[in-house]
Structure formats: structure tokens, C-alpha cells
Amino acid sequence: MYIDVHCHLDKTTYGDLSGLIGRCKEVGVGRMITVGFDLASSRLAAELAERYPCVYFTAGFHPTELSKYKEGDLDEIAKLCNHPKCVALGEIGLDYHYPDTQKELQKRVFVQQLEYAHSLKLPVQIHSRDCAEDMLELLNRHGRLLEYGALLHCYSHSTEMAYEFAKLGLYFSFGGASTWKGSKKAKRTIAELPSERLLTETDSPYMPPASAYGTFPNTPAAIPEICASLADIKGVTAEEAQTTVYKNACELFKKLG
């Protein structure tokens with residue numbers, strides 16, 4: 001079966017989630033991980049995972065959402081992480097894209113969440129945007145906290161940096177952008193990384209694949225197209241890529257079973 005390891009499911013965007021999940025199943029997407037980015041979205045993710053058997057979730061605080069963050073929130077995130085269907089703590093990380101970035105606050109809360117994940121024996125889903133050097137330095141310094149695994153979702157840094165992140169045992173997921181004609185950097189990185197470190201995502205409702213470029217919302221039903229593109233880059237069949245990706249997901253996210 002196909003798996004979307006990073007999407008954002010919510011009623012506001014999609015309306016009838018039962019219908020959406022049914023359409024995803026029809027194209028073979030049998031597992032979806034809906035990702036929290038603050039306390040409210042993490043709680044919603046847990047509710048959706050309880051409602052739909054094929055949905056799993058993560059809980060965490062995204063670096064660009066820290067204006068909502070207050071002391072004590074991480075204790076609530078940790079409670080959600082104890083849920084049997086919470087497969088990781090995330091999405092967490094660094095994002096220097098915007099001019100008002102609070103870099104020191106981002107780093108502090110990121111490391112705190114890495115510590116929580118390690119204490120809970122969970123992997124992490126990492127958001128990393130326009131911050132490659134700081135991310136690598138921080139992960140190298142706190143490498144012991146990655147004992148239970150880590151995913152760089154929607155990987156956007158260079159292939160050369162990917163080699164360095166791979167030395168830390170990280171996994172890498174790619175979404176719709178990797179199917180675009182002009183995405184040479186992503187395609188090169190996919191080609192160079194070991195297949196055993198690759199995963200598929202949509203980051204829905206964002207970043208549709210080439211066939212739906214410019215449309216909104218994207219959905220997990222795009223995963224077969226993303227996986228087919230990955231297979232083409234790696235020179236394997238779509239079935240082989242599908243099997244490898246699902247195996248990788250189960251190895252990283254132990255609670256998938």
C-alpha cells in the first residue's frame with residue numbers, strides 16, 4: 001500500500017473527510033499521518049486518528065507557530081504523544097524564511113521537543129527551511145536525542161547537505177514539488193540518497209504534484225504520482241518503490257505496526 005507520512009487533514013480545508021479518505025483508499029493510499037503544528041492542531045490530529053483506522057498522527061510545535069506557544073504546552077504535547085496512534089513528535093524544527101524569525105526561541109523550543117521525544121522513545125518529524133547550516137550544527141550537537149529516528153520532511157536543502165544529514169541516520173521525505181519539471185535539486189537528491197532512507201509525503205493541502213500544479217487543496221491521493229516519480233528517478237518499478245517506502249515508514253514509525 002501507499003503511505004503519506006506528512007499531511008494536514010482538517011475539516012475547514014476538506015469538508016467531508018470521510019469522502020476524502022475514501023478517495024485516497026481507492027487509489028491505494030492505505031495509511032496517512034496527519035501532522036500537528038501547534039497544540040490545537042495536534043489535538044485535532046489525535047481526534048482524527050481515533051475516528052479513522054487508516055489515519056495516524058504526530059503532535060508538536062512548528063517553528064513559525066511559536067507566537068502561540070506558552071510554558072506548559074509541551075507537557076500537553078507529551079500527553080498526546082503517549083497515544084497509541086501518535087507515531088512521532090512533530091512537526092518541529094527551524095524556519096528562517098520570514099524576516100521576523102526568532103532564531104534563538106526556535107532553537108530553544110526545538111531542542112526541548114527533541115528532549116521530550118527522546119524521553120518518550122519516539123522519532124521526530126523535522127521542518128527545516130532556509131536554515132541548513134544551523135540545523136546540521138544543532139543536530140550534530142544533540143545527536144544522542146535522535147536515537148529513535150528522525151525525518152527531514154519535504155527536504156529542500158542541497159544534495160551535499162543531505163549527505164551530512166544522512167550520516168546522522170535521518171530519513172528524507174519528498175512531496176509534490178519533487179515531481180515538478182524544474183525541481184532538479186530534489187531529483188538529484190533522490191537519485192543520490194539510498195532508497196532505504198526515502199519516504200513519500202504530500203504536505204497536503206499544499207504543494208500539489210505536477211499533474212495538479214497550481215490547484216488547491218492538494219490531498220494524500222497524490223501519493224501514487226509522487227511515488228511513481230520517485231521510482232522513475234531511482235530506476236525501479238512503481239511497485240518496488242511502493243514496497244520500499246512502506247517498509248521504510250514502518251521501520252521509522254514503529255507504531256504503524
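These legends accompany several close-up views of a predicted model.

**Figure 1. The whole protein, before we zoom in.**
Let us start with the overall fold of this predicted model. The secondary structure comes to 10 helices and eight strands. Along the principal axes, the C-alpha atoms fill a box of roughly 45 × 40 × 35 Å. The radius of gyration is 17 Å, which agrees with the value near 18 Å for a compact globule of 257 residues. Buried residues make up 56% of the 257 residues. Among contacts with a separation of 6 or more, 74% are between residues 24 or more positions apart. The accessible surface comes to about 11100 Å², and 52% of that surface belongs to carbon and sulfur atoms.

**Figure 2. The largest pocket and its lining.**
Here we look into the largest pocket, whose volume is about 860 Å³. Its lining is made of 35 residues. Which of them lie nearest the centre? His62, His127, His153, Asp203 and Tyr206 do. Several elements each supply at least two residues of this lining: strands E2 (29–35), E4 (86–95) and E5 (124–129), together with helices H3 (39–51) and H8 (184–192). Of these, H3 gives the most, with four residues. By residue type, the lining of the largest pocket divides into 15 nonpolar, 13 polar and seven charged residues.

**Figure 3. The second largest pocket.**
The next view turns to the second largest pocket, with a volume of about 190 Å³. One part of its lining is Pro63, Thr64, Glu65, Leu66 and Ser67. Asp95, Tyr98, Asp100, Thr101, Gln102, Leu105 and Gln106 also line this pocket. The lining of the second largest pocket divides into four nonpolar, five polar and three charged residues.

**Figure 4. Gln106, a lining residue in helix H5.**
Staying with the second largest pocket, this view picks out Gln106, one of its lining residues. Gln106 sits in helix H5, which covers residues 103–120. Is Gln106 buried or exposed? Gln106 counts as buried because its relative accessible area is 4%, and the cut-off for buried is under 20%. Setting aside residues up to four places away in sequence, Gln106 touches Pro63, Leu66, Gly93, Leu94, Asp95, Tyr96 and Thr101. Pro63, Leu66, Asp95 and Thr101 also appear in the lining of the second largest pocket.

**Figure 5. Two cis peptide bonds.**
Most peptide bonds are trans, and this pair of views shows two that are cis. The bond from Gly90 to Glu91 is cis, with omega near 5 degrees. Glu91 belongs to strand E4, one of the elements that supply residues to the lining of the largest pocket. The other cis bond joins Phe216 and Pro217, with omega about 0 degrees. Pro217 is placed in the loop between strand E8 (198–200) and helix H9 (223–234).

**Figure 6. Two residues with positive phi.**
Most residues other than glycine have a negative phi. Lys121 has a positive phi, near 60 degrees. Lys121 lies in the loop between H5 and E5. Its relative accessibility is 57%, so Lys121 counts as exposed, a class that begins over 50%. Met207 likewise has a positive phi, near 50 degrees. Where is Met207 found? The loop between E8 and H9 holds Met207, and Pro217 is in that loop too.

**Figure 7. Asp134 on helix H6.**
This close-up is centred on Asp134, in helix H6 (residues 132–141). Asp134 is partly exposed, with a relative accessible area of 26%. Leaving out residues up to four places away in sequence, Asp134 touches Leu94, Tyr96 and Lys107. Leu94 and Tyr96 are also among the residues touched by Gln106. Asp134 and Lys103 are 31 residues apart in sequence, with 9.8 Å between their C-alpha atoms.

**Figure 8. Glu196 in the loop between H8 and E8.**
The final view visits Glu196, in the loop between H8 and E8. Which residues does Glu196 contact, leaving aside neighbours within four places in sequence? Tyr171 and Asn248 are its partners. Glu196 and Ala88 are 108 residues apart in sequence, and their C-alpha atoms are 19 Å apart in space.

Methods:
Residues numbered from 1 in each chain as written. Predicted model: local features only at pLDDT ≥ 70, side-chain atom pairs only at ≥ 80, totals over all residues. Heavy atoms only, no water. 1 Å grid on protein atoms, 1.4 Å probe; cavity = no way out; pocket = protein on both sides within 12 Å on 5 of 7 lines; lining within 4 Å. Points joined across faces, edges and corners; volume = space filled by probe spheres on them. Nonpolar A, V, L, I, M, F, W, Y, C, P; charged D, E, K, R; others polar. Rg over C-alpha atoms; globule rule 2.2 N^0.38 Å. Buried < 20%, exposed > 50% of the residue type's maximum accessible area, 1.4 Å probe, protein only. Contact = heavy atoms within 4.5 Å. Areas by Shrake-Rupley, 256 points an atom, 1.4 Å probe, with all protein chains shown as cover.
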